[in-house]
Amino acid sequence: MDNKTIKIGLIGFGTIGAGVVKIISQSRETLEKRLGASLELTKIADLDITTDRGVAVAPGILTDKADEIFDDPEIDIVVELVGGYEPARTFILKALAAGKHVVTANKALLAKHGDEIFSAVEDKHLNIGFEASVGGAIPIIRSLKEAMVANDIGVIEGIVNGTANYILSKMSDEDCGFEMALKEAQEKGFAEADPTFDIEGMDSAHKIILLARLAFGARIAMEEICIEGISSVTPEDIQCAREFGYRIKLLAVAKFDGQALDVRVHPAMIPASHSMANINGVLNAVRVCDNYMEENILVGHGAGALPTGSAVVGDIVEISRNIISGAKDRLPAQSYQGKHVRKIPLKNIESVESEYFLRFGVLDQPGVLSKISGILGDHSIGIESVIQRGRGPQGKGVPLIIMTHLAVEKNVRDALSEIDHLEVVCQKANFIRVEN
Ligand code: HSE
């Protein structure tokens, strides 16, 4: 079997595409020794076939027509690294229709069109690899599908966006504002030119929706879950969090109590002693709690040409092994057999219980605290601790910070909208959920 060659068509010759080309060429010998066959990049399609990506490609393999890949009967595996919804969706469906296996890093596409794409994979008895779609180099997809196959997962959560984590870490380490941290992330090439998906939580939402599909067999749409980003987090929030012994992270959470799923993305305060509190900079982490392994945390680089490229190549090799051995339908694409992937009731964010960090701007005058604590009490919200910063000049606001005991989110929202109307409140409340 040593002289078998697996032929690959790559669509999308950007940063990760170049990483994949580099790894396949640089690790050729290692790959051959481990796979027992060779990998050949037969064609690379991209609209731009002139820019130098800093990697050598064999003459004549570049094309600006993706159809040349689908039409080439020799190509076994199509790697889609275009990103976004279209034309990536069409490319993947065309590849599957042509009987080719697929590897992709496209979490947005799988989160939105997962049902259609996974059905096409299952109908055609093909493979789809998407390890690179969540957490870059972190092997979480394979771990869920294989190592944790017997485990009933109760919680899967993580820091799954490197850009947001870089910004929050920078704001925390250097006491700088959001805009400045974002600018630096962009200058260093961590954030996309349009970083909206990263900082507003959509990228993390795509990833947790995909993880929840694998962990719980759940079909979830973006519109069904609470998604909040980090653009409203201030340096004051971060400083106060530190004083209370917490760090602020953009968390993607999915919890299952056997009846309903609690899936959400938002900035959260986590204790400094928490296993994910020191995941800083562009690092990602995914934490899984289940009935057998208890707690597992996987940490690694969530982005970048080589970390993400190595996850793509890992998928190519996995699929190549199935091709070589003739194995069909060996590993269900969605971890569950397709017929067991279903809608599971989702908890409304208003019914979720947590502790809350509340920050108000209030007039510095007698009776303010009792008014606010009275309203919180009326909504069954207990206070754990209070800090009032400094003395403000007459008629000017001072920050008031309250940490609550466990409270139901609806009660917190109702209380805050009442408090925001008080005359003594000069700056509306900002709240951050606490995840212990
Ligand atoms: N833009 C993502 C991040 C990387 O910042 O983590 C790709 O998923």
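**Exercise 1. Aromatic pairs**

Task: State how many aromatic pairs the structure holds, and classify the geometry of the pair formed by Phe-70 and Phe-91.

Solution. Step 1: This predicted model holds five aromatic pairs.

Step 2: The rings of Phe-70 and Phe-91 form one aromatic pair, with a centre-to-centre distance of 6.0 Å and 40 degrees between the planes. Planes under 30 degrees apart count as stacked and those over 60 as edge-to-face, so the remaining angles are called tilted. The pair of Phe-70 and Phe-91 is accordingly tilted.

Step 3: Phe-70 belongs to helix 3 (residues 67–70) and Phe-91 to helix 4 (residues 88–97); with these positions 21 residues apart, the pair links distant parts of the chain.

Step 4: Phe-70 counts as buried because its relative accessibility is 8%. Phe-91 is also buried, because its relative accessible area is 17%.

**Exercise 2. A second pair**

Task: Determine which elements are linked by the pair of Phe-216 and Phe-256, and whether each ring-bearing residue is buried or partly exposed.

Solution. Step 1: Phe-216 and Phe-256 form a tilted aromatic pair, 5.5 Å from centre to centre, with 55 degrees between the planes.

Step 2: The pair links helix 10, where Phe-216 is located, to strand 9 (residues 246–256), which contains Phe-256; the two residues are 40 apart in the chain.

Step 3: Buried means under 20% relative accessible area. Phe-216 has a value of 3% and is therefore buried. Phe-256 has a value of 21% and is therefore partly exposed.

**Exercise 3. The ligand shell**

Task: Describe the residues around the ligand by position, by class and by polar contact.

Solution. Step 1: Nine residues surround the ligand, and those that come nearest are Lys-107, Gly-162, Thr-163, Asp-198 and Lys-207.

Step 2: By class, the shell comprises five charged residues, three polar residues and one nonpolar residue.

Step 3: Two helices each supply at least two residues of this shell: helix 7 (162–174) and helix 10 (202–216).

Step 4: Three contacts to ligand oxygen atoms can be listed.

- Lys-107 places a polar side-chain atom 2.7 Å from an oxygen atom of the ligand.
- Gly-162 contributes a backbone N or O atom, at 2.6 Å from a ligand oxygen atom.
- Thr-163 has a polar side-chain atom 2.6 Å from an oxygen atom of the ligand.

Step 5: On its own, the ligand has 260 Å² of accessible area, of which the protein covers 87%.

**Exercise 4. A cis peptide bond and a charge over a ring**

Task: Identify the conformation of the peptide bond from Glu-86 to Pro-87, and find which residue lies over the face of Tyr-85.

Solution. Step 1: Most peptide bonds are trans. The bond from Glu-86 to Pro-87 has omega near 10 degrees and is cis.

Step 2: Pro-87 is placed in the loop between strand 4 (77–80) and helix 4.

Step 3: Lys-112 lies over the face of Tyr-85, 4.6 Å from the centre of the ring.

**Exercise 5. Positive phi values**

Task: Locate His-125 and Ser-335 in the fold, and give the sign of phi for each.

Solution. Step 1: Most residues other than glycine have a negative phi. His-125, which is not glycine, has a positive phi near 55 degrees. Ser-335, likewise not a glycine, has a positive phi of about 75 degrees.

Step 2: His-125 is in the loop between helix 5 (107–123) and strand 6 (128–129). Ser-335 is in the loop between helix 12 (305–325) and strand 13 (353–363).

Step 3: His-125 counts as partly exposed because its relative accessibility is 38%. Ser-335 counts as buried because its relative accessibility is 18%.

Step 4: A polar atom of the Ser-335 side chain lies 3.5 Å from the backbone oxygen of Leu-214.

**Exercise 6. Separation in sequence and in space**

Task: Give the sequence and spatial separations for Glu-116 with Gly-60 and for Pro-73 with Thr-5.

Solution. Step 1: Glu-116 is part of helix 5. At 31% relative accessibility, Glu-116 counts as partly exposed.

Step 2: Glu-116 and Gly-60 are 56 residues apart in sequence, and their C-alpha atoms are 34 Å apart in space.

Step 3: Pro-73 occupies the loop between helix 3 and strand 4. With a relative accessible area of 75%, Pro-73 is exposed.

Step 4: Pro-73 and Thr-5 are 68 residues apart in sequence and 14 Å apart from C-alpha to C-alpha.

Technical notes:
Residues are numbered from 1 along each chain as its sequence is written. This is a predicted model: local features need pLDDT of at least 70, side-chain atom pairs count only at pLDDT 80 or more; totals for chains, interfaces and linings use all residues. Side-chain values use heavy atoms; hydrogens and water are left out. A residue is near a molecule or strand if one of its heavy atoms lies within 4 Å of it. A polar contact is a pair of N or O atoms within 3.5 Å; within protein, one must be able to donate a hydrogen and the other to accept it, and residues adjacent in sequence count only if both atoms are side-chain atoms. Accessible areas come from the Shrake-Rupley method with a 1.4 Å probe; for residues, only the protein chains shown count as cover. Helices (H or I, at least four residues) and strands (E, at least two) are DSSP runs, numbered from the N terminus. Ala, Val, Leu, Ile, Met, Phe, Trp, Tyr, Cys and Pro count as nonpolar, Asp, Glu, Lys and Arg as charged, and the others, Gly among them, as polar. Rings of Phe, Tyr and Trp (its six-membered ring) pair if their centres lie within 6.5 Å; planes under 30 degrees apart count as stacked, over 60 as edge-to-face and the rest as tilted. Buried means under 20% relative accessible area, exposed over 50%, partly exposed in between (1.4 Å probe, protein chains only). A charge sits over a ring if NZ of Lys or CZ of Arg is within 6 Å of the ring centre and within 35 degrees of the ring normal.
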